[in-house]
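Visitor: Could you walk me through this model? I would like to start with the open spaces and then move on to the rings and the backbone.

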Amino acid sequence: MRKVPFSPPDITEEEINEVVDTLRSGWITTGPKTKLFEKKLSEYCGTEKTVCLSSCTAAMELTLRLLGIGPGDEVITSAYTYTASASVIHHVGAKIVLVDIQENSLEMDYDQVRDAINENTKAIIPVDIAGIMCDYDKIQEVVESKKHLFQPTSQLQEAFGRIIIMADAAHSLGATYKGKRSGAVADFTCFSFHAVKNLTTGEGGAVTWKDIPDFTNEHIYKEFQLLSLHGQSKDALTKNDSGSWEYDILHLGYKYNMTDIAAALGVKQLARYEKILDKRHQIIKWYDKAFQDMDVQLLDHTFSSGHLYLLRLKNITIEERNQVITQMSKKGISCNVHYKPLPMQTAYQKIGFDTGKFPKSLNYYSTVISLPLNSKMTESDVRYVIDALLKFLQ
């Protein structure tokens, strides 16, 4: 039976050779390849600095910690996302504040965001679902309108003088918003290089940021380095210099650094990333053309990274949607659902969230299906998926 996997990694001999070169170099933890990957990412995104870490989750958590966000604080994010967008808020001891999405949209309801802001609100985490960037001008407008309520509790918060915008850009590397690439739009932007992402390092992530008043980018970079490696004053690469063994532990940090093995993958993935994006957008065009006259809702991927192809099937029940996915799997086609809203998940119900208070998220989830989308798909694979889906829907 023919198999069309959902999102296998697109690995070539270029990546394999780069990883082998790293293994043979004798330097496999954070070192020269990680520093090179950081440099290349900054050049790609249009920022001065980038820090590579072990995951996007690590990037988001360390950003909250860098900002001094913790107990007594509140952070707003979407109810329609993966748990990492919200769990990091809990990890630092702050209160998770979820808002619903807009009608027929995957973006947060910005009016609800405005209403949720109070004196304890320290940050907002917009989520670039499917690689489509949020309306960051609107988010900035909301933040500015509530600036008078902001009560900073750290020097970095004082430098902003307002609620900080930290993008969950796990899906949006390569996407643009009004001419700027993801990474250069929000105050902080956190990327994922997990195995199913457009660009993969196996496991991994990164954080980049815009210039911050009164703080140099080098200072922010070093603070992230300290947080990600036990608060140690020297990383392994620096300690390896002749006579430079001695170090200090400046504070009790964490262990979230990226390895050179992972970075080696990333360096070569990034070198051919534009071709990867072109392929993904071609697949999206094939899908869009096939479904444009159907009673479905399509996403606008004009400026996206083309990470997911979400097809919303109107006038269908959850059971019918799930049946479609089951039937597709019998044809060897792997489909998915992005996402099951957080208030539907047991862990979030345990801390007081009620699915009934997020009707738009529930409605969207009930009718959406994620079709296979990856740069290894052929036109024949895409046609096979389209024909199978059309047959089941009819």
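Guide: What follows is a short conversation about pockets, cavities, aromatic rings and backbone geometry in this predicted model.

Visitor: How much space is in the largest pocket, then?

Guide: The largest pocket holds about 640 Å³ of space, and 35 residues line it, with Tyr 82, Ala 84, His 171, Lys 197 and Tyr 339 lying nearest its centre.

Visitor: Which helix supplies the largest share of that lining?

Guide: The largest share comes from helix 3, which gives three residues to the lining of the largest pocket. Helix 3 spans 56-66, and both helix 3 and helix 4 (84-91) supply at least two residues each.

Visitor: And how do the residues of that lining divide by type?

Guide: The lining of the largest pocket divides into 15 nonpolar, 14 polar and six charged residues.

Visitor: What about the second largest pocket, what lies nearest its centre?

Guide: Lys 35, Gln 225, Ser 233, Lys 234 and Asp 235 lie nearest the centre of the second largest pocket, which is lined by 20 residues and holds about 330 Å³ of space. Helix 8 gives the most to this lining, with six residues, while helix 2 (32-45) and helix 8 (217-228) are each credited with at least two. By type, the lining of the second largest pocket has six nonpolar, eight polar and six charged residues.

Visitor: Switching to closed spaces, how many cavities of 30 Å³ or more are there?

Guide: There are two cavities of 30 Å³ or more. The largest cavity has a volume of about 60 Å³, and its lining of 13 residues has Pro 8, Pro 9, Asp 10, Lys 197 and Asn 198 nearest the centre. The second largest cavity has a volume of about 40 Å³, and its lining includes His 171, Lys 197, Asn 198 and Tyr 273.

Visitor: So where does Lys 197 turn up in all this?

Guide: Lys 197 is one of the residues nearest the centre of the largest pocket, it is likewise among those nearest the centre of the largest cavity, and Lys 197 also belongs to the lining of the second largest cavity.

Visitor: On to the rings: how many aromatic pairs are counted?

Guide: The count comes to 13 aromatic pairs. One of them joins Phe 160 and Phe 188 in a tilted arrangement, 6.2 Å centre to centre with 45° between the planes. Phe 160 lies in helix 7 (residues 155-160) and Phe 188 in strand 8 (residues 188-192), so this pair ties together parts that are 28 residues apart in sequence. Both Phe 160 and Phe 188 are buried.

Visitor: What other tilted pair can you show me?

Guide: Trp 209 and Phe 224 form a tilted pair too, 5.5 Å centre to centre with 35° between the planes. Because Trp 209 lies in strand 9 (residues 205-209) and Phe 224 in helix 8, the pair ties together parts that are 15 residues apart in sequence. Trp 209 and Phe 224 are both buried, and Phe 160, Phe 188, Trp 209 and Phe 224 form one aromatic cluster.

Visitor: Which charged residues lie over the face of a tyrosine?

Guide: Lys 49 lies over the face of Tyr 221, at 4.7 Å from the ring centre, and Arg 321 lies over the face of Tyr 365, at 4.9 Å from the ring centre.

Visitor: Now the backbone; where is the cis peptide bond?

Guide: The cis peptide bond joins His 338 and Tyr 339, with omega at about 0°. Tyr 339 is found in the loop between helix 12 (318-330) and helix 13 (346-350), and Tyr 339 is also among the residues nearest the centre of the largest pocket.

Visitor: And which residues other than glycine have a positive phi?

Guide: Among them are Lys 178, with phi near 50°, and Asp 214, with phi near 70°. Lys 178 lies in the loop between strand 6 (176-177) and strand 7 (180-181), whereas Asp 214 lies in the loop between strand 9 and helix 8. These values merit a look because most residues other than glycine have a negative phi.

Visitor: Are those two buried or exposed?

Guide: Lys 178 counts as exposed because its relative accessibility is 65%, over the 50% cut-off, and Asp 214 counts as exposed at 76%.

Key:
Residues are numbered from 1 along each chain as its sequence is written. This is a predicted model: local features need pLDDT of at least 70, side-chain atom pairs count only at pLDDT 80 or more; totals for chains, interfaces and linings use all residues. Side-chain values use heavy atoms; hydrogens and water are left out. On a 1 Å grid over the protein atoms alone, a cavity is a set of points where a 1.4 Å probe fits but cannot get out, and a pocket is an open set with protein on both sides within 12 Å along at least five of seven lines; lining residues have an atom within 4 Å of a point. Grid points are joined across faces, edges and corners, and a volume is the space filled by probe spheres set on the points. Helices (H or I, at least four residues) and strands (E, at least two) are DSSP runs, numbered from the N terminus. Ala, Val, Leu, Ile, Met, Phe, Trp, Tyr, Cys and Pro count as nonpolar, Asp, Glu, Lys and Arg as charged, and the others, Gly among them, as polar. Rings of Phe, Tyr and Trp (its six-membered ring) pair if their centres lie within 6.5 Å; planes under 30 degrees apart count as stacked, over 60 as edge-to-face and the rest as tilted. Buried means under 20% relative accessible area, exposed over 50%, partly exposed in between (1.4 Å probe, protein chains only). A charge sits over a ring if NZ of Lys or CZ of Arg is within 6 Å of the ring centre and within 35 degrees of the ring normal.
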